[in-house]
Amino acid sequence: MFEYFKNIWSGFTTALHGMAITSSHIFAKSVTIQYPDEKLTLPSNARNRLQLEMSRCNACNSCAVACPVNCITVEGTRVSPDDPQQDVHWDGKPRKMWVTRYEIDFAKCCFCGLCQSACPTDAIKHTVEYEYSEYDRNKLLYKFQTLSPAEAEEKKRLLAEFRAKEKEKECSSTAGKAHEAKE
Amino acid sequence: MGEIKRMDLEYSQLDSDRMRINVGPQHPSTHGVLRLEVEVDGEIVTEVVPHLGYLHRSFEKHCEKLNYQQIIPFIDRMDYISAMNNEWPYVMALEKMLDIKVPEKVEYIRVIVAELNRIANHQIAVATFGMDAGAFTPFLYYFRDREAIISILERLSGARLLYNYFRVGGMAADIYPGFKDDCLNVVKQVRKTNAEIMKLLIHNSIFIKRSANVGILTPEVAINYACSGPVLRGSGVAHDLRRDEPYSVYDRFDFEIPVGKGDVGVVGDCWNRNIVRVHEMEQSCRIIEQALAQMPETGDVKAMIPKRIKLPKGEVYMRTENPKGDLGFYIVSNGTDKPERMKARGTSFVNLSVIPEISKGYMFADLILILGSIDIVLGEVDR
Amino acid sequence: MESTNFLWDLFGRNVWTVLAVISLPLLFVLVYALIAILAELKISAWIQERLGPMRTGPWGILQPVAEVIKLLQKEDITPDQSSKLLYNLAPFIIFTGAYAAFAVIPFSSAFVPAGIDVGLFYVFAIGSISAMGIVMGGWASNNKYSLMGAMRSISQLISYEIPAAMAILSVVVLTSSMNMQEISSMQSGGFWNWFIFGGPGGWSKLWVIPFTIGLTIIYFIASLAETNRVPFDIPEGESELVAGFHTEYSGMKFAMFFFAEYANMFVVSAILTTIFLGGWNSPFGDFLQGPWWGVFWFILKSFFIVLLQIWIRWTLPRFRVDQLMHVGWKVLLPLSFVCFVAISLFAMLN
């Protein structure tokens, strides 16, 4: 009998305790952040959309290798010494590789940050930019290369020409040497 | 659904119709895409069959195609609520194989982030358990506090949920200035909210009535089913790897292992499983305070990180105390930079297997509470 | 009996006034439901340290309107295997039940839609109609969750009608009237004359006050159960039954359930106000007393009870089916009997 009334009493009082607690929160400051109007400031190391700094990239492919989901595609070609257009890196050193293709598919990216830590020149970096949703999945394929496909073809052709020239020269020189040796 | 239960045509068995209900994969309180096939006799549950696999991502097979560093982001996605704790046993297994001794400061950072994440995990566990019982408000109080923990971890690692912060032999980044103050503030706030939730939810008479004496898991059954973590401790078995097999620097801290004592209800019921988590938050707070005091000021967290991880031939198993229980990784190496075989012992999966055992004979509403008290994350169940 | 309807005094009793009398409560229900939905959204948000809806209109006050428009636009889905007639009828029956109860609610000393002498009896009889609608909807949906919700709902309603009836019966014993307008006018002259404090009477009523307060609480708890509010919302227990009896409903039919729930909340609050909290009487005797102030006081008091229901909803967890029965039959019923006997004794001795 005593237990019965004790149960009723505790049920009643604990409910009142709870109501006191909830009512004490009514006038507390709200924690809501009204997103598009106010935004949280992200820390500078936040891992959001990737950004490639082309002046640092030397198409070494380490980011593509490090990526666990294969969302980065890198293609490069050596800069031909004959190329009329010569480029320099951010630190003034001459560019050795043209980046003919650098694509990141953000639909695949898992924002793990491994490419960032693998990059030897700090070219690829996560930014704090996170509002880049698209209705079309294909629009999430970002192309970071500065060269147009035609230009890339041109660079490849130049390199191939240069290589061929080198080979010819080499062949002729070795042939010359062989000739000398024969004599 | 699927198979039809055959019943012998005896009138004694036809007194009531049994009904098969499909709980999930789309249901408000299956905590993800779990599907429970439940047979009920009126309101009484007579049979529960969990069906898994709706979130299966073939994690273990996938790992065989990735190198050791690339596996870590996928480990984050197993138990995505406590990703920091997930990474730890894996990284420790590799360090054991490679015989790397990590710097002192790294150990302390690991302890702190793991305990912070443990608090965040338990906050979600207790909050969703309350929500299963119908109390919505504690859920949002806990989420408000969890935000502070998440932002600390975000400032450390750069991500809010899937951190990828651990590296073999170190951490991805050093702590930021002001980290200690942030942690102490969190600890203060966690204690304050816990005291409030104790009054608002845990000791509420209705909540006690709902969760006490429900889903009783006896210690024997818990051990037979290889349960671990708060599920096992709620049954009164004081098993905690942080104390029983001290890894890292856990032997330097003074903390207790809360177990279900049966203050309300009986040992091993939902209420006791739940209260263990609340007490564990307090113990984690204590560990964080001690670790912050002991942490060396200097030290390079990236000093010991190998450039390229290539394991010697052999195999290794390492387990740690995840918020949900023992999480272990078994790695077979063939001497290359990719594992030959990778096996994860998912805590949630093992703990979930006890559901059919402990939910028979209780009411349908209790089944939801029992599921909530087990605290599963489907990302880890299905892997 | 004096006239209880100002419209009939002004314009006489004809088709138009009858229509006006019918539509006034309907108008009130619609406006009130929107306000109550907003209150529910905002109070839950404030309790949980959120802001609640902020985008629709200034401070989000148009949110309920937006929600109703959204529900109107949504596709009205009828499950393939459902019993079509019952399925489509159920929401209307529930709303009718909730709305019909407004007929006898005295909004003011000069306005009660139908001043019948057995008002309390009528409210109780009509209140059970919504149970019928719930069972129809739950069974006709051909959904196991709906069926379980409907079964739970019926057992819950039956068990909680009795303590509520006991509470009302006690007041009937004190007033010897079932006319709600009469009960209201009996409590005039300040809050001390309300039936929560034993009603009008000399100092001898002091010893009956604990029982009347107890009955008020019992009626309040029972009314929570009758309107399926937390902690007694097991017929729609979100975490186990998805949405209970209205799982399959969508669009406008769901909105009908929604409106009926809020209308029911007001009905039980209005009854509580009328029989225990002095109805349309001012709490300060003749201060601010009158037909127009009566409307103000009545709605203020009723809305306070509605707010109390909302506040409880966002505080407490919900009961289990068997515990609900336990509370209904083993706690509220015996206690209400004790109070009833005590009050009857008081009425006899007086």
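**A tour of the cysteines, a chain B sheet and the B–C contact**

Start in chain C and select Cys339(C): this residue counts as buried, at 8% relative accessibility. Buried here means under 20% relative accessible area, with exposed over 50% and partly exposed in between (1.4 Å probe, protein chains only).

Before moving on, some ground rules: what you have open is a predicted model, where local features need pLDDT of at least 70 and side-chain atom pairs count only at pLDDT 80 or more, while totals for chains, interfaces and linings use all residues. Residues are numbered from 1 along each chain as its sequence is written, chains are lettered from A and ligands numbered from 1 in the order in which they are written, and side-chain values use heavy atoms, with hydrogens and water left out.

**Stop 1: chain A**

Now pick Cys63(A), which is buried with a relative accessible area of 6%. How far is its sulfur from the closest cysteine sulfur? That sulfur sits in Cys60(A), 6.1 Å away, so the two are too far apart for a bond. Over all chains, the structure holds zero disulfides (cysteine sulfur pairs within 2.5 Å).

**Stop 2: strand 7 of chain B**

Jump to residues 325–333 of chain B, which are strand 7. Strands (E, at least two residues) and helices (H or I, at least four) are DSSP runs, numbered from the N terminus. Eight of the nine residues in strand 7 of chain B are buried, so the rest of the structure largely encloses this strand.

Add strand 6 of chain B (314–322): it pairs with strand 7 of chain B in the antiparallel sense over nine bridges. Pairing takes at least two DSSP bridges between the strands. Click Tyr317(B) and you'll find Tyr330(B) as its bridge partner. Two residues separate these strands in a hairpin.

Next, show strand 8 of chain B (339–345), which runs antiparallel to strand 7 of chain B over six bridges. Here Phe329(B) stands opposite Ala344(B). This hairpin has five residues between its strands, and Gly335(B) in the turn has a positive phi of about 95°.

**Stop 3: where B meets C**

Finally, select the contact (heavy atoms within 4.5 Å): 35 residues from chain B and 26 residues from chain C. In chain B, Glu43(B), Ile206(B) and Lys209(B) lose the most area to chain C, together 20% of what that side buries.

Zoom in on Glu43(B), whose side chain meets that of Arg152(C) in a salt bridge (2.5 Å, N to O). A salt bridge puts a side-chain nitrogen of Lys or Arg within 4 Å of a carboxyl oxygen of Asp or Glu, and chains B and C share three.

Terms used. Buried area is the accessible area (1.4 Å probe) that two parts lose on being put together, summed over both.
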